[in-house]
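Hi,

Here is the structure I promised to pass on. Have a look at it first, and then read my notes below.

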Amino acid sequence: MVMMKHSIHNLEAIVKQVRRDIVRMVHGCQSGHPGGSLGCTELLVCLYFELMQRNDQFDLNGVGEDLFFLSNGHISPVFYSVLARAGYFSIDELASFRKLNSRLQGHPTTHEGLPGIRVASGSLGQGLSVAIGAAQAKKLNKDKQLVYALMGDGELQEGQVWEAAMYAAHNKMDNLIGIVDYNGAQIDGATNDVLSLGDLPRKWMAFGWKVIEVMRGNDIESVISGLRKAQASTGAGQPVMLLLHTEMGNGVDFMMGSHKWHGIAPNDEQLRAALNQNAETLGDYIVS
């Protein structure tokens, strides 16, 4: 079982390197989604390097370990980078992002057997349902580990999410932690302008979930504190929802706070500026 513990300083160094990976990957193929990836960097680094209990060897069943499902699969750059930096596959494979015949497609897929990927994420709104299935399997198998599912706030405009929310509460899925990347932005603009989510904390509570809100979702200590509160809230007869307030494009000043960076790639000059703001800490991947 992998139970890596790092200082805040070490986690911050990993975050900087992951940011470098994200902007280099998207720039390298001139395609992808840097904004949301950068906004979720602290979360995924804290999960994989501090909070989740993971087996030494990856297998799809995930028996006896915590499981993570990425529902908003377009933020695959941050997911691939964290998986590679956590040792699931070679960091140099990041150079193949979105290339022909690459295992690192725009949305994660399972057909090429990339370690760390347990489900293909296609249309948004489906990941919570998959996570519920995994959580139910753990209960049936008397497996005490937890299941996490990350969704975007714009994704909550999908009806299947709320069907899943009702199902999880009705079946007392108290080994499940849902997470919402609550950045208030989606590809067409602000979520409040496109289709308002209303009072999201009260909405999840009304659906029978225990809600924990983290206002500083790009602060490592706040993220760890929120995740530990979520973990401590499991086993009490209801699913747990962590609402994580993040900023799209966090860590790259010209990308921050703008929905336009949801799905466009930086040019050469913008790449240099982004890299200048995030020092190389663990070694960049090599482009052959």
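Before anything else, keep in mind that this is a predicted model. As for a label, UniProt lists residues 13–273 as "domain: Transketolase N-terminal", in an unreviewed entry. That span is 39% helix and 12% strand, and its end C-alpha atoms lie 18 Å apart.

Let's begin with helix H1, which covers residues 8–29. From the first C-alpha to the last, its 22 residues reach 32 Å, close to the 32 Å expected at 1.5 Å a residue. Just after H1 comes Gln30, with a positive phi of about 55 degrees. A little further on is His33, in the loop between H1 and helix H2 (34–39). His33 counts as buried, at 16% relative accessibility. Leaving out residues up to four places away in sequence, His33 touches Val26, His74, Pro77, Arg98, His262 and Gly263.

Arg98 from that list deserves a look of its own. You'll find Arg98 in the loop between helix H4 (76–85) and H5, and it is partly exposed, with a relative accessible area of 30%. Its phi is near 60 degrees, a positive value in a residue other than glycine. Lys172 also has a positive phi, near 50 degrees, and sits in the loop between helix H6 (159–170) and strand E3. For background, most residues other than glycine have a negative phi.

Now the strands. Why do I call strand E7 largely enclosed by the rest of the structure? Six of the six residues of E7 (residues 240–245) are buried, so the rest of the structure largely encloses this strand. Both faces are covered: Val240, Leu242 and Leu244 are buried on one side, and Met241, Leu243 and His245 are buried on the other. That fits a general pattern: in a regular strand the side chains alternate between the two faces of the sheet.

Which strands pair with E7? One is E3 (residues 176–182), which runs parallel to E7 and is joined to it by six bridges. In that pairing, Val180 stands opposite Leu243. Another is E6 (residues 210–214), also in the parallel sense, over five bridges. Here Ile212 stands opposite Leu242. E6 and E7 also belong to a right-handed β-α-β unit, together with helix H9 (residues 220–233).

Elsewhere, strand E1 (residues 67–70) has buried residues on both sides: Leu67 and Phe69 point one way, Phe68 and Leu70 the other way. E1 pairs with E2 in the parallel sense over four bridges, and Phe68 stands opposite Tyr148 in E2.

A few loop residues caught my eye as well.

Asp143 is in the loop between helix H5 (127–140) and strand E2 (147–152). Is Asp143 buried or exposed? Its relative accessible area is 14%, and the cut-off for buried is under 20%, so Asp143 counts as buried. The Asp143 side chain reaches the backbone nitrogen of Gln145 at 3.1 Å. Setting aside neighbours within four places in sequence, Asp143 is in contact with Gly62, Val63, Gly64, Glu65 and Lys138.

On the far side of E2, in the loop between E2 and H6, is Glu158. Glu158 is partly exposed, with a relative accessible area of 37%. Glu158 and Gln126 are 32 residues apart in sequence, while their C-alpha atoms are 8.8 Å apart in space. Not counting residues up to four places away, Glu158 touches Leu124 and Gly125.

Last up is Met255, in the loop between E7 and helix H10 (268–276). Met255 is buried, with a relative accessible area of 0%. What does Met255 contact, leaving aside its neighbours within four places in sequence? The contacts are Val23, Pro34, Leu38, Met248, Gly249, Trp261 and Pro266. Gly235 makes a nice counterpoint to the Glu158 case: Gly235 and Met255 are 20 residues apart along the chain, and their C-alpha atoms are separated by 39 Å.

Happy browsing!

Notes. Residues numbered from 1 in each chain as written. Predicted model: local features only at pLDDT ≥ 70, side-chain atom pairs only at ≥ 80, totals over all residues. Heavy atoms only, no water. Helix = DSSP H or I, 4+ residues; strand = E, 2+ residues; numbered from the N terminus. Expected span 1.5 Å × (residues − 1). Buried < 20%, exposed > 50% of the residue type's maximum accessible area, 1.4 Å probe, protein only. Pairing = 2+ DSSP bridges. Right-handed = clockwise from strand over helix to strand, strands pointing away. Polar contact = N/O pair within 3.5 Å; in protein donor to acceptor, adjacent residues only side chain to side chain. Contact = heavy atoms within 4.5 Å. UniProt positions renumbered as here; feature names shortened; annotations may be inferred.
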